[in-house]
Amino acid sequence: MPDDTRARQRTGTGLGLLLALVLAAVLLTALPDDGEREGGGACVAHSVASWAPEKDLNAEFTRYGDDPSRTDDWTGGDGTHSVRLPDGRVLWLFSDTYLGQVHAPPNPFGESSTWREPSAPLVRNSAVVMREGRLERTLPAPLFPDPAPNQWRWPVAARVEPRSPGSSEQVLRVLLWVRTAGQAPWIYGVPTATEVATLSLPDLRVESVTAVLDQRLVPDASRRVLFGTTLVEEDGWTYVFGGDDGQAASRPVSHAYVARVPEGRLAEPGAWRYWNGSAWGKAGARPRAVLGDGQRAGVGSAFSVTRVRGTYVLFTMAAGTRGLTTVTSYWACSPAGPWHGPTRHFAPSLPPGGQVAAYNPQVHPELSGEGRLVLSYDVNWLDTGGAAAQLSRNVSLYRPRFVTLRAAPTR
């Protein structure tokens, strides 16, 4: 081959490589930097480094729940979420909640546990106000009325927002899950819709409820997605995480999804955008799961996400039978993933007896700080047929527990 031909080939190859590098640089420049791709020097793998019971919070919920002075206040519940209000108070939100009188031990079976009458009221949701670390009162319950017969609302994550973009007046937005009574395996209700309630401040009066995402037209109930199990604010966006009910369909784990809303516009359905696997799309197209293979990797129906330094960390119950006792975590450099894990597990303490399960791990950012995270988990009786009697026989069973943990870079 002549030398000039070789030279032209080398020149052509070099030019092609240069063009490829330029094109790659252009594409990288065009990629969004708002959480749709992995990157950032501050983002590194994280897992649970240590944890310990949060004794003060555990003791405070025991004190308040066992207080016999009122019959219309909270004595136990699950679905634990919290939000700090502008005046410094913390509002605790619960799903199914027991009210009624609590009696000192021994119970009617001669056991050394506080107890309530089996006829004590059970409401679908409640809210308890805490001031300076002390629970002081339960708002009239249920706080969020049933939307229709055989339907109910469970409150999940909440945020304080401007009443409207740019307004100086603040309101409280509370995400709600609407569920409809169903048969097995939907013993905890069929997922129906995601709503946003607006509450006035400081009096916490429910002003309105807005439907955000109706799932009734999705025929397979196990593929219906409810949003709001956890929120993360970043760069002018509120990222709203949700999940399906894969576990009710006999899959070991559920799938996680994410939407985002401009900060201050949670109550505007048209402002919501849902991750579809490659972009943020409007409602109408089905969201794409960001985590979950239906087997080993995935989430419980309720989970929590927080940002630790430059890394997003997700806490959920582990897959399989460990999901009754064990909290695990995943990490990512953006809300849309890719999510890595599961990483290190830990098993928080449970009441003795072996007939109880843990679920719904939730981080409480307003109580966290200085490198530590406050996380709650709920506890319930495993046998649903006899659960009500057991939870009245020992009221301490159906209450949140708290741990303080530290998530640190994985070495």
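These are my notebook entries on a predicted model, taken in the order in which I looked things up.

**Confidence**

I began with the confidence values, and found that the protein averages a pLDDT of 88, with 89% of the residues scoring at least 70. Over residues 2-39, however, the pLDDT is below 50, and beyond near neighbours in sequence this stretch has 19 contacts in the model. Where pLDDT is low, the predicted coordinates should not be read in detail, and I kept that caution in mind for the entries below.

**Disulfide**

I then looked for disulfides and found that the structure holds one, formed by Cys43 and Cys333, whose sulfur atoms lie 2.0 Å apart. The two cysteines are 290 residues apart, and the pair links distant parts of the chain: I placed Cys43 in the loop between α1 (3-30) and β1 (46-53), and Cys333 in the loop between β22 (327-332) and β23. For the handedness I read the angle about the S-S bond, which is -90°, and noted the link of Cys43 and Cys333 as left-handed. Are the two cysteines buried or exposed? Cys43 has a relative accessible area of 11% and is therefore buried, the cut-off being under 20%; Cys333, at 12% relative accessibility, counts as buried by that cut-off too.

**Cavity**

A search of the whole structure gave me one cavity of 30 Å³ or more, and I recorded its volume as about 140 Å³. Its lining is made up of 15 residues, and I noted Arg159, Thr230, Gln362, Val363 and Pro365 as those that lie nearest the centre. When I asked which strands supply at least two residues each to this lining, the list came out as β3 (81-84), β11 (151-162), β15 (226-234), β20 (304-308) and β23 (356-363). By residue class, I entered the lining as six nonpolar, eight polar and one charged.

**Backbone: cis bonds and positive phi**

Going through the peptide bonds, I noted that the one from Pro105 to Pro106 is cis, with omega near 5°, and that Pro106 has its place in the loop between β6 (102-103) and β7 (115-116). The bond from Ala184 to Pro185 is also cis, with omega near 10°, and I found Pro185 in the loop between β12 (170-180) and β13 (190-200).

I next looked up positive phi values in residues other than glycine, and entered Glu132, with phi near 50°, in the loop between β9 (126-131) and β10 (134-138). Asp235, with phi near 55°, sits in the loop between β15 and β16 (237-243). Because the cut-off for exposed is over 50%, I entered Glu132 as exposed at 78% relative accessibility, and likewise Asp235, with a relative accessible area of 62%.

**Gln390**

My last entry concerns Gln390, which I found in helix α3 (residues 387-393). Its relative accessible area is 23%, so Gln390 is partly exposed, a value between the cut-offs of 20% and 50%. Which residues does Gln390 touch, not counting those up to four places away in sequence? I noted Trp381 and Leu397. I also looked up the separation of Gln390 from Trp115: the two are 275 residues apart along the chain, and their C-alpha atoms are separated by 9.5 Å.

Conventions: Residues are numbered from 1 along each chain as its sequence is written. This is a predicted model: local features need pLDDT of at least 70, side-chain atom pairs count only at pLDDT 80 or more; totals for chains, interfaces and linings use all residues. Side-chain values use heavy atoms; hydrogens and water are left out. On a 1 Å grid over the protein atoms alone, a cavity is a set of points where a 1.4 Å probe fits but cannot get out, and a pocket is an open set with protein on both sides within 12 Å along at least five of seven lines; lining residues have an atom within 4 Å of a point. Grid points are joined across faces, edges and corners, and a volume is the space filled by probe spheres set on the points. Helices (H or I, at least four residues) and strands (E, at least two) are DSSP runs, numbered from the N terminus. Ala, Val, Leu, Ile, Met, Phe, Trp, Tyr, Cys and Pro count as nonpolar, Asp, Glu, Lys and Arg as charged, and the others, Gly among them, as polar. pLDDT is the predictor's confidence in each residue, from 0 to 100. Contact means heavy atoms within 4.5 Å. Buried means under 20% relative accessible area, exposed over 50%, partly exposed in between (1.4 Å probe, protein chains only). A disulfide is a pair of cysteine sulfur atoms within 2.5 Å.
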